[in-house]
Amino acid sequence: MKRLAPIEAWFAQQGWRPLPFQRQSWRAHLRGESGLIQVPTGSGKTYAAVMGPIADLLAEAGVAERGSGRGLSPGIRLLVLTPLRALSRDLALALQQPIEAMGWPIRVGIRHGDTPSSERTRQLRTPPQILITTPESLALLISNPKAPELFGQLQAVVLDEWHELMGSKRGSQSELCLGWLRALRGELRTWALSATIGNLEEAAQVAVGVGTVPTLITAALRRGTAIRSLLPEAIDGFPWAGHLGLRMYEELVAALDPAISTLLFTNTRNQAERWHQCLRYACPELEGALALHHSAIDRGEREAIEAGVKAGQLRWVVATSSLDLGVDFQPVERVVQIGSAKNLARLLQRAGRSAHTPGGTAQVLFMPTNALELLEVSAMRRGLAEGLVETRRPPRLPLDVLLQHLVSLACGPGFVPERELRVVRRCWSYRQLSDADWAWCLRFLEEGGECLGAYPRYRKLQRAALRPDGRLDRDATPEPGQPFAYVVRETAIARLHRLHIGTITADRAVTVRFVRGAVLGHVEEAFIGRLKPGDVFFFAGRQLEFVRLRQMTAQVKATTRKSSTVPAWAGGQLALSDLLSRQLRQEVHRCAEGDLDSPELRALEPLLRRQADLSRLPRAEELLVEVCSSREGSHLFAYPFEGRFVHEGLGFLWAWRLARHRPSTITVSVNDYGFELLAPRGYPFAELLELHGDALLDQQQLEADLEQAVNLSELCRRRFRAIAQISGLVHNGLPGQTRGGGQRQGGQSQGGQLQISAALLFDVFEKHEPGHRLLEQARREVIEQQLELPRLAAALQRLAESRWVLETPRRPGPLAFPLLVERLNSRLSNESLLERVQRLVREAQRAEGTG
């Protein structure tokens, strides 16, 4: 195609030849198609997606194969949506490279929460031709009354790392914004990018919306991933979560090479802080070449770290998911995964940070934090060799996101309800939105619903008249029967709404700053609330002494005093994916058959032998249940290998169903491999299993029994807190403001005030409007997402078809021991967890000596 000549010319100048899938993508775009591009990380999918739209831009500017053309008028033609701010900088650099090399008359802009206000103002006044932004910043732009003019020339949207957005409410927010843009620009083309997603067809359909047939572009490019595990010298028979962990730091340091650029990934920010602290003390010679990167660290420091990695100045960086996605670190040669990634797609993403070039082989060093994680990495290696990757499902009808979106539109250009309903239903997640749900949303926003009509702050929408030419008169009230649009007239309501646009909810953040100096980052208010002046903690790679809290800023100073206190952030628990659970069961089956065909399984041989001696190893078609007694009471251990969240539901379900037949207090503890039920001594677990085993797996009354088994009302109350934030029912305070405009009063934080407000509204709705749509949403999210009811039902079905194997070991074996530790970890005691575990080990060893 002649239109692609400038693109081909730039590739030729670089000494490159476009790959077939790249040319296929460009031509599909120029034919007016939309769809999804899936190729391995580092294969060039960014240029596959953006060069077609850029070819359109160059044709508009009159650019031939070479030359600058006549220029382009300001106005956004290409919108690139990315889930991470760090990605936006990399994308901008990738786009600037051909633009600057060829002298193309195209301007690229970046817009997100960290963009200076002066730059944001300039973008509104003279918009760039290409804008890279996040879902939250796009929603904020749409809440501007001039949004139709701002996006009036838009031709294409690229959704980078679509798998990361699609499975969350950020994806729902993106869908709604895209729906509005498509209604504004009928010929808008959409291209989603993903390297790691299992349900390609559904992901593509969600990206392009209802009524459009997506084009799928893939390539038979295989990118190797070489995984090597760091094996402990000896594995005892008493594994527990974290029992290897930092004890193996010497082996890790010995396996690393300061000359090899390395990213070390952990699953939580807390772990990242601890490992950075450990490596810093173990390798003082790396001062200045070792860094810590996670989302709570100040933006300026994060950007400096990313630049240092790309320049080769930083050799080792300890990171979390803040560097998971498509950030291009070509100097990085190796990735270390500390602890199981719990998910094949996550491991693929992290592995892709090394050898980030087409045809490269990713090098991953796995460092287990407990011995049983070696089973998981062996299962992961096999799953990756088979080309397996998890699916992502979009949320179903999240009305809280829809309510936020409608208020954004009303703050901006306004919306005509009948017309907007058609637009919303073309969004995949809302395709089944009923007339009754739509009417409820409008009434809720216009009148405050059944309960909140007396409060002006909840009557957000007003009706504004439409002129005969269809234009909106924001200040005119329509006559009865006259066409109208919804708008927000109250400036205070619009301002408050814009400050809280987004679907990411968390405890209120406190800024951490030196008393006289720089900002270090932010931690959750709940952590700071537990500190007293003089307390020492470790954050952002520094040992800090807490001085005081002022205006939601924790003032600190550097100290040489030692401390092991590290901030903890909410949402750090990861569970095995459904796909990895299936692979793990096959791995355990191989062990039971004596087929130890990987380095990890061979290293586990002493532990596996101990388990087989005390009890047995279950085959794939078996459910192993162990019953034993100790001075703590009667224990039941079950090993479905379905992941932590499914086991949580199964454990409470079994406890409740057993207690119906023999009432007792039963304590539940869970991990990714199984669950423990602990009852008083003499509780007849074995007898009850013999009489009522089938009833434990019954699915007929699953949801009703689950509601009885867990404190569903309390779980819904907690879930409702986030829903209330997203929907705009409660707000997490204004930036830099506390209650009363000063410090915390009476020991009650603004975060606590939010909690009280959400809890109060929950009680009001439950009492006076039990059919409230947001209460129903909270219950559905708890059942489907937190308790994973569909996956739980599938697990019950599988277990019902399995052969039960009941063992009565003299004492808990290697599979049971981590469950004992899980329970100890949640119990208050004057002993540390390590002291309690060591006592358990001594007792077990004494029992073995006399058994």
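**Strands and sheets, a friendly walk-through**

Me: In what order do the seven strands of the open sheet stand?
Reply: Happy to help; keep in mind that this is a predicted model. The seven strands form an open sheet in which the pairing is parallel. Their order is 3-4-2-5-6-1-7.

Me: Which strands stand at the edges of this sheet, each with a single partner strand?
Reply: An edge strand has a single partner, so one of its sides is left without a neighbour in the sheet. Here, that describes strand 3 (108-111) and strand 7 (215-218).

Me: By how many degrees are neighbouring strands of this sheet turned against each other on average?
Reply: Direction is ignored for this angle. On that basis, the average turn between neighbouring strands is 15 degrees.

Me: Which residue of strand 6 is the bridge partner of valine 158?
Reply: Strand 5 (residues 156-159) and strand 6 (residues 189-194) run parallel, joined by four bridges. Valine 158 lies within the residue range of strand 5. Its bridge partner in strand 6 is tryptophan 191.

Me: What angle does the direction of helix 10 make with that of strand 1?
Reply: Helix 10 (residues 200-208) packs on the sheet and touches strand 1 (35-38), strand 5, strand 6 and strand 7. With the direction of strand 1, its own direction makes about 135 degrees.

Me: Through how many residues does a hairpin join strand 24 to strand 25?
Reply: Strand 24 (residues 667-670) pairs with strand 25 (residues 675-679) in the antiparallel sense, over four bridges. Threonine 667 stands opposite leucine 678 of strand 25. The hairpin joins the two strands through four residues.

How values were computed: Residues are numbered from 1 along each chain as its sequence is written. This is a predicted model: local features need pLDDT of at least 70, side-chain atom pairs count only at pLDDT 80 or more; totals for chains, interfaces and linings use all residues. Side-chain values use heavy atoms; hydrogens and water are left out. Two strands pair if DSSP finds at least two bridges between them. Axes are lines fitted to C-alpha atoms, for helices over the stretch in contact, and angles run from 0 to 180 degrees between N-to-C directions. Contact means heavy atoms within 4.5 Å.
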